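Student: I would like to learn how to read packing and strand order from a model. Where should we start?

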Amino acid sequence: MLACSVPPDKHTFSCVLKVCSRLRALRDGKQVHAHAVKCGLPSEEFVVNSLIHLYASCGEVVVARKLFDGMPKRGIVTWNAMLAGYFKAGDWGEVVELFRGMLELGMAFDEVTLISVLTACGRMGVLDLGEWIGDYVEANGLKRCQNLVTALVDMFAKCGEVDKARRLFDEMPSRDVVAWSAMISGYSQANQCREALALFHVMQKAKVEPNEVTMVSVLSSCANLGALETGKWVHSYIKRKRLHVTVNLGTALVDFYAKCGCMESALETFEEMPNKNAWSWSVLIQGLASDGQGREALKVFSLMLEAEFQPTDVTFIGVLSACSHAGLVEEGQILFDSMSSEYGVQPRIEHYGCMVDLLGRAGLIEKAYYFIKSMPIEPNAVVWRTLLASCKIHKNVNFGEESLKQIIKLEPRHSGDYILLSNIYALVGRWEDAVSVRNQMKEKGITKIPGCSLIELDGTIFEFFAEDSSHPQSKEIFSKVNEIITKLKLAGYVPNVAEARLDAEEDEKEVSVSHHSEKLAIAFGLMKSPPGAVIRVSKNLRICTDCHLATKLISKVYKREIVVRDRNRFHHFKYGSCSCNDYW
């Protein structure tokens with residue numbers, strides 16, 4: 001066109017700039033911009049809108065904003081172009097602020113505007129503005145717009161208002177895969193994983209084909225619940241449908257297998273991924289760390305560096321955790337020191353917490369304490385709680401008392417901290433002090449978080465609480481527990497009554513210990529699974545010493561492999577021993 005000396009007009013420039021935007025051809029776009037200036041058309045609204053879109057699409061949001069601010073008159077297309085720019089850049093705060101500016105100026109907006117802003121509200125947790133938009137949609141009869149209602153569902157779910165999101169979702173006359181995925185993702189992110197899987201099954205019955213977002217959310221829920229069979233079905237579905245395994249989907253699969261204790265499958269899936277990023281490597285490292293394969297995790301870290309991936313702060317949390325679980329104190333110290341000096345990663349509170357855990361687990365309680373005191377940032381309750389947990393392992397009363405004193409200043413109502421100190425007293429025979437700590441909890445109205453264990457059988461998740469008799473088969477389960485304990489005693493098992501409830505009478509302490517949630521789940525697994533099948537249990541708290549010993553013996557007496565995922569790590573019980581080598 002230029003070669004034929006045909007002068008372009010504003011529509012020509014608008015079209016060419018849109019092409020540059022879609023191709024992310026910033027260099028060409030800049031040349032077109034220069035040509036528009038030569039033609040005296042840079043202030044035409046059509047052209048400026050296209051320029052804003054170009055620069056925003058190519059990541060030059062600052063340039064786009066300068067053009068936006070320089071416009072004497074802005075229509076809804078201009079505002080939407082700028083909002084879309086911030087949206088693509090993931091600058092959610094600017095999306096919210098720009099929309100608030102629109103409201104102050106009394107500017108008109110449309111469904112496109114609201115969808116962008118609702119997404120930003122969800123990412124930022126800005127519930128008040130999201131609710132205002134919800135009211136606006138209701139008042140102006142905009143619920144016919146499916147994309148807008150889907151954005152509302154997503155916003156409410158991400159802001160923690162999952163029930164509101166579900167009501168809106170249920171009211172939708174028709175739902176596409178995006179709507180289903182938004183609701184399932186909302187449940188997953190709110191840690192309502194059983195609800196996420198239940199809705200996924202309803203989605204299947206509705207014959208709606210899931211997409212990548214659906215699969216990532218479902219895998220995340222399976223990972224959190226330890227729902228191995230359901231997750232395996234998802235993986236086979238991905239293979240059957242020949243879905244493209246993106247970095248996000250591949251990483252979700254690796255994370256799922258790792259969190260279910262299937263590290264061989266996690267490694268195999270990782271190897272098969274066509275593309276990887278630093279997050280993929282970090283997930284694998286963290287999985288190996290939780291599985292107690294510390295040295296393997298460090299080898300993977302070395303491979304990551306060889307592949308020229310830059311480690312992130314998340315990578316180092318995995319690496320330091322690996323050292324902690326494997327007792328690699330010297331290696332952990334070297335890696336911690338290298339974070340800022342070699343990789344430019346400034347340690348965060350989580351990294352300091354990993355170091356306290358590393359030192360504390362290794363029995364270097366005093367060193368861990370002085371490490372905390374020398375931290376350049378103020379230690380939080382989690383750091384002190386980490387030291388307190390180590391004090392329980394090594395029965396260190398003095399530093400345990402000091403840890404709880406520091407925690408109470410920061411988080412005075414966390415039940416687990418009082419329980420830990422109470423258990424330390426009980427382990428060293430100071431029963432009166434142990435009871436005194438429990439009484440303090442009662443006086444302050446602090447209730448203990450009940451132990452809870454999950455087990456998946458035939459695709460169904462069963463939940464057990466300590467000493468809970470609400471299960472419809474509780475009589476059979478308790479009878480099975482009694483049978484197990486009898487057999488274990490013949491194999492040399494002596495119940496550790498120090499782990500029992502302190503308010504239990506002496507003759508009840510043994511029963512109290514035998515009815516811990518993981519023992520109930522394992523008993524149910526022995527009842528309901530075929531002989532020789534692996535029993536997999538997920539627990540919300542750290543496994544106690546009595547359950548750890550009992551489970552080792554169960555694996556030997558019943559000739560079963562038992563995998564327990566507690567709050568901190570995996571325990572693979574086989575032939576009477578545990579993969580953690582009693583170091584947890």
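Tutor: Start with a term: a contact means heavy atoms within 4.5 Å. The model here is predicted. With that cut-off, the buried residues of helix 24 (397–410) pack against helix 22 (365–373), helix 23 (381–393) and helix 25 (415–427).

Student: Which residues of helix 24 are buried?

Tutor: Buried means under 20% relative accessible area. In helix 24, Val 397, Phe 399, Gly 400, Glu 402, Ser 403, Leu 404, Gln 406 and Ile 407 are buried.

Student: What span does helix 24 reach from its first C-alpha to its last?

Tutor: Helix 24 has 14 residues and reaches 20 Å, close to the 20 Å expected at 1.5 Å a residue. At the N-terminal end, Asn 396 acts as a cap, with a side-chain oxygen 3.5 Å from the backbone nitrogen of Asn 398.

Student: How many helices and strands are there in the protein chain?

Tutor: The protein chain has 30 helices and six strands. Its C-alpha trace spans about 100 × 55 × 50 Å along the principal axes. Of the 584 residues, 50% are buried. Among contacts with a separation of 6 or more, 62% are between residues 24 or more positions apart.

Student: What is the order of the strands in the sheet?

Tutor: Strands of a sheet pair through backbone hydrogen bonds, either parallel or antiparallel. Here six strands form an open sheet in the order 2-1-3-4-5-6, and the pairing is mixed. Strand 2 (460–465) and strand 6 (577–578) are the edge strands, each pairing on one side only. Helix 29 (residues 517–528) packs on the sheet and touches strand 1 (452–457), strand 2, strand 3 (535–539) and strand 4 (562–565). The direction of helix 29 makes about 15° with that of strand 1.

Student: How many bridges join strand 1 to strand 2?

Tutor: Six bridges join them, and the two strands run antiparallel. Leu 457 stands opposite Thr 460 in strand 2. The two strands form a hairpin with two residues between them, and Asp 458 in the turn has a positive phi of about 50°.

Student: Which residues of strand 1 lie on one side and which on the other?

Tutor: In a regular strand the side chains alternate between the two faces of the sheet. In strand 1, Cys 452, Leu 454 and Glu 456 are on one side, while Ser 453, Ile 455 and Leu 457 are on the other. Both faces are covered, and six of the six residues are buried.

Student: Why is strand 3 largely enclosed by the rest of the structure?

Tutor: Because four of its five residues are buried, strand 3 is largely enclosed. Strand 3 runs antiparallel to strand 1, with three bridges between the two. Leu 454 has Ser 538 as its bridge partner, and Ser 453 has Lys 539. Towards strand 4, the sense is parallel, with four bridges, and Ser 538 stands opposite Arg 565.

Student: What do strand 3, helix 30 and strand 4 make together?

Tutor: They make a right-handed β-α-β unit, with helix 30 covering residues 545–557.

Student: In which sense do strand 5 and strand 6 pair?

Tutor: Strand 5 (residues 570–574) pairs with strand 6 in the antiparallel sense, over two bridges. One bridge partner pair here is Lys 574 and Ser 577.

Note on methods
Residues numbered from 1 in each chain as written. Predicted model: local features only at pLDDT ≥ 70, side-chain atom pairs only at ≥ 80, totals over all residues. Heavy atoms only, no water. Pairing = 2+ DSSP bridges. Axes fitted to C-alpha atoms, helices over the stretch in contact; angles between N-to-C directions. Buried < 20%, exposed > 50% of the residue type's maximum accessible area, 1.4 Å probe, protein only. Right-handed = clockwise from strand over helix to strand, strands pointing away. Expected span 1.5 Å × (residues − 1). Polar contact = N/O pair within 3.5 Å; in protein donor to acceptor, adjacent residues only side chain to side chain.
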